[in-house]
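Here are a few exercises to work through with the model open beside you. Try each task before you read its solution.

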Amino acid sequence: MPSADTQTGARLHYLDTGGDGAPVLLLHGLVGTASQDFSQVIEWLRPNFRVIGLTFRGYGYSGPKPRGFPPAFYDIDARDVVAFIEAVNLPKCHLIGYSDGGEAALIAAGYAPDRFLTVTTIGATGYLSPVSRDRVRVYPGEWITPELRQLHGIADVTEFTRQWTDSYQGMIDAGGNLSLCNAHRVKCPVLLILGDRDRLNPPEAAQVYIDRVPDGHLVVVPDCGHAVHEEQWDTFVAEIRAHFRRAGGLS
């Protein structure tokens, strides 16, 4: 798997299916990788697109390590995304982010609006609502498997998840403005997909972001939790097809 050294000081590993199709850049979620979080998506997109799956700094084989969660970790990841695109000279691309990767995707779209054909997020809102503060169920981390601990070099899952929780709640306490200040700069169509049972990401929070972006669309999938692309595959595919079609990217 290749890697890219970025101007932000990260060394980011990534998968690249190659091909002549338009690029689709995938951003994974907490303790994930692109191949873990998007395995079915990659195989679905591969025949028509060049699929690039980025591994965020500190995860997997990407550095620097250890993976940490300072107060602005979404912003750090978003700047890494833009720096990665520049480092590998990636053409204008579709961007799909899941969970934490979705939040980073929306921030990146505001920082580099000319780099993206479309932006899609799954289980992300662009704005962190106060109602989400006490719904966090990440800490103390017993849910992180031994395999994931080894893959990401997590020495202490309690400390790892405490850092994430403290920073997430701190962002809420600071006003929850992850992507709002630059939402007006986004030029491409934006699609936010949420499950109606995703308690951490309420639709009303996503609507705050959608109301700021020039071309935004919110889809709430019934009878579905956080990972819409895994739980409601047919609905996810239909929404992506329609979204890409609006940008001339899928027949």
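## Exercise 1: the surroundings of a helix

The buried residues of α9 (233–246) pack against β3 (23–27), α2 (39–45), β5 (93–98), β6 (116–122), β7 (190–195) and α8 (228–231). Keep in mind that this is a predicted model.

**Task.** Which residues of α9 are buried, and why do they line one face of the helix?

**Solution.**
1. Start with the length: α9 has 14 residues, and its first and last C-alpha atoms lie 20 Å apart, close to the 20 Å expected at 1.5 Å a residue.
2. Next, pick out the residues under 20% relative accessible area. In α9 these buried residues are Trp 233, Phe 236, Val 237, Ile 240, His 243 and Phe 244.
3. Now look down the axis of α9: the buried residues fall within an arc of 135°, so they line one face of the helix.
4. The general rule helps here: an α-helix has 3.6 residues a turn, so residues three or four places apart point the same way.
5. Finally, step past the end of the helix. Just after α9, Gly 248 has a positive phi of about 75°.

## Exercise 2: checking another helix

**Task.** What span should the 15 residues of α3 (73–87) have at 1.5 Å a residue, and which of its residues are buried?

**Solution.**
1. At 1.5 Å a residue, α3 should span 21 Å; its end C-alpha atoms are 20 Å apart, which agrees.
2. Burial in α3 takes in Phe 73, Tyr 74, Asp 77, Ala 78, Asp 80, Val 81, Val 82, Ala 83, Phe 84 and Ile 85.
3. Just after α3, Asn 89 takes a positive phi of about 55°.

## Exercise 3: two pockets

**Task.** What volume does the largest pocket have, and which residues are closest to its centre?

**Solution.**
1. The volume of the largest pocket is about 510 Å³.
2. Of its 24 lining residues, Leu 30, Tyr 98, Ser 99, Val 138 and His 226 are the closest to the centre.
3. At least two lining residues come from each of α1 (34–37), α4 (100–111) and α6 (157–173).
4. Sorted by class, this lining has 10 nonpolar, six polar and eight charged residues.

**Task.** Which helix gives the most to the lining of the second largest pocket?

**Solution.**
1. The second largest pocket has a volume of about 150 Å³.
2. Its lining includes Pro 66, Arg 67, His 152, Asp 156, Glu 159, Phe 160 and Gln 163.
3. The helix sought is α6, which gives three residues to this lining.
4. By class, the lining of the second largest pocket has four nonpolar, four polar and three charged residues.

Definitions and conventions. Residues are numbered from 1 along each chain as its sequence is written. This is a predicted model: local features need pLDDT of at least 70, side-chain atom pairs count only at pLDDT 80 or more; totals for chains, interfaces and linings use all residues. Side-chain values use heavy atoms; hydrogens and water are left out. Helices (H or I, at least four residues) and strands (E, at least two) are DSSP runs, numbered from the N terminus. The expected span of a helix is 1.5 Å times one less than its number of residues. Buried means under 20% relative accessible area, exposed over 50%, partly exposed in between (1.4 Å probe, protein chains only). The arc is that of the directions from the helix axis to the C-beta atoms. Contact means heavy atoms within 4.5 Å. On a 1 Å grid over the protein atoms alone, a cavity is a set of points where a 1.4 Å probe fits but cannot get out, and a pocket is an open set with protein on both sides within 12 Å along at least five of seven lines; lining residues have an atom within 4 Å of a point. Grid points are joined across faces, edges and corners, and a volume is the space filled by probe spheres set on the points. Ala, Val, Leu, Ile, Met, Phe, Trp, Tyr, Cys and Pro count as nonpolar, Asp, Glu, Lys and Arg as charged, and the others, Gly among them, as polar.
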